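Could you take me on a walk through this model, telling me what to select at each stop and what I will find there? I have the viewer open and am ready to click.

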Amino acid sequence: MTQRPSSGTDPASSIEVGRDLMREALRHSASALKAAEVPFALAGSYALWVFGGPEGSHDVDLVVPEASVEDAAEALAAAGFEIERPPEDWLFKAWRQGVLVDVLHRLLGAPVESACLDGAEEHDVLGIRIRVLEPTVVMITKLLSLSEQYCDFGALLPYARAVREQIDWQRVRAETADHPFAETFVHLLDSLDIIG
C-alpha cells in the first residue's frame, strides 16, 4: 500500500501506518473467511513474507477455489469489505480502509481447485492459523505473470534472495522453461550466485 506522506509527516511513520492497515486487512479477511468456512490460502508477497521475505507493500493476495468465489465475496462483504468486480474474470477485489485484498480464483488461467489449497502449509499469521501457499508455488506464479507490460526484476529480487533456500529451483526451472521473462530472471539469479 503506497501512501503519500502529508506535509510535516515523518515518512517512516506513514510507512508504519500503511503496514498496520495492510496487516489489519489481512487479519480481517482471513478471520472472515475462516468464520464462514470458506477454504482459502494466503498467496503473493505476503505468503513469501511468512517464509522470511520482505513485507508486502501493495496489496494482500488470497486464493479460493473457483467454486467458493461467491461465498468468499459474501463473507468479506458481511465483514465490512467493499467488493469490486473488475473486468478480469480471475479475481475480485475487496477493499477495507483503502487497502486492497485481491481474491484470486484462477492462477495463470487455471481454476484454483481444493487440491491446490491442500498442498498449502498451515502457519500462524498475525495470530491466526491459516494456510499459506508454499514459496515454490508463489515464485512460479510470480515469474509466469511477468510480461512486456510488467517485468520488474527489482521488485522480485529481494524475495528470491530472502527465501531462496526454501524454493525448489529445479521445479521453478522446469515449470517456467518456456517463459522468456522467467528464464531470464532465473539466469540473473544464477549470475548473482543467489541460487546454485
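Here is a tour in six stops, through a model that is predicted.

**Helix α8**

Start by selecting residues 180-191, which form helix α8. This helix has 12 residues and spans 16 Å from its first C-alpha to its last, close to the 16 Å expected at 1.5 Å a residue. Now show the side chains of Ala182, Phe185, Val186 and Leu189, the buried residues of α8. If you look down the helix axis, these buried residues fall within an arc of 95 degrees, so they line one face of α8. To see what they pack against, add α5 (135-144), α6 (153-163) and α7 (169-175). Before leaving, step just past the end of α8 to Asp193, where phi is positive, at about 60 degrees.

**Helix α5**

Next, colour α5 on its own. Nine of its 10 residues are buried, so α5 is largely enclosed by the rest of the structure. The buried residues run through Pro135, Thr136, Val137, Val138, Met139, Ile140, Thr141, Lys142 and Leu143. Their cover includes α2, β6 (106-107), α6, α7 and α8.

Stay with two of these residues for a moment. Lys142 lies over the face of Tyr159, at 5.8 Å from the ring centre. Leu143 touches Leu156, Val172, Thr176, His179, Ala182, Phe185 and Val186, leaving aside residues up to four places away in sequence. Three of the residues from the first stop, Ala182, Phe185 and Val186, are thus among the contacts of Leu143.

**Ala160 in α6**

Select Ala160, which you will find in helix α6. Its relative accessibility is 0%, so Ala160 counts as buried. Show its surroundings: beyond residues up to four places away in sequence, Ala160 touches Met139, Trp169, Phe185, Leu189 and Ile194. For a link across the chain, draw a distance from Ala160 to Leu48: they are 112 residues apart along the chain, yet their C-alpha atoms are separated by 9.1 Å.

**The nonpolar core**

Which residues have the most contacts inside the largest nonpolar core? Highlight Leu42, Val63 and Leu143 to see them; the core itself has 63 residues. Its largest share, seven residues, comes from helix α1 (residues 11-35). As background, nonpolar side chains tend to be buried together in soluble globular proteins.

**Ala25 in α1**

Move along to Ala25, in helix α1. With a relative accessible area of 0%, Ala25 is buried. Its contacts, not counting residues up to four places away in sequence, are Phe81, Val99 and Val101. For a sense of scale, draw a line from Ala25 to Ser147: these two are 122 residues apart in sequence and 28 Å apart in space, C-alpha to C-alpha.

**Aromatic rings**

Finish with the rings. The structure holds two aromatic pairs. For one of them, select Tyr46 and Trp49: the ring centres are 5.2 Å apart and the planes stand at 80 degrees, so the pair is edge-to-face. Both residues belong to helix α2 (residues 44-50), and being three residues apart there, they are separated by about one helical turn. Is Tyr46 buried or exposed? At 1% relative accessibility, Tyr46 counts as buried.

Last of all, bring up Arg85 and Phe92. Arg85 lies over the face of Phe92, at 5.5 Å from the ring centre.

Definitions and conventions. Residues are numbered from 1 along each chain as its sequence is written. This is a predicted model: local features need pLDDT of at least 70, side-chain atom pairs count only at pLDDT 80 or more; totals for chains, interfaces and linings use all residues. Side-chain values use heavy atoms; hydrogens and water are left out. Helices (H or I, at least four residues) and strands (E, at least two) are DSSP runs, numbered from the N terminus. The expected span of a helix is 1.5 Å times one less than its number of residues. Buried means under 20% relative accessible area, exposed over 50%, partly exposed in between (1.4 Å probe, protein chains only). The arc is that of the directions from the helix axis to the C-beta atoms. Contact means heavy atoms within 4.5 Å. Rings of Phe, Tyr and Trp (its six-membered ring) pair if their centres lie within 6.5 Å; planes under 30 degrees apart count as stacked, over 60 as edge-to-face and the rest as tilted. A charge sits over a ring if NZ of Lys or CZ of Arg is within 6 Å of the ring centre and within 35 degrees of the ring normal. A nonpolar core is a set of buried Ala, Val, Leu, Ile, Met, Phe, Trp, Tyr and Cys residues joined through side-chain atoms within 4.5 Å.
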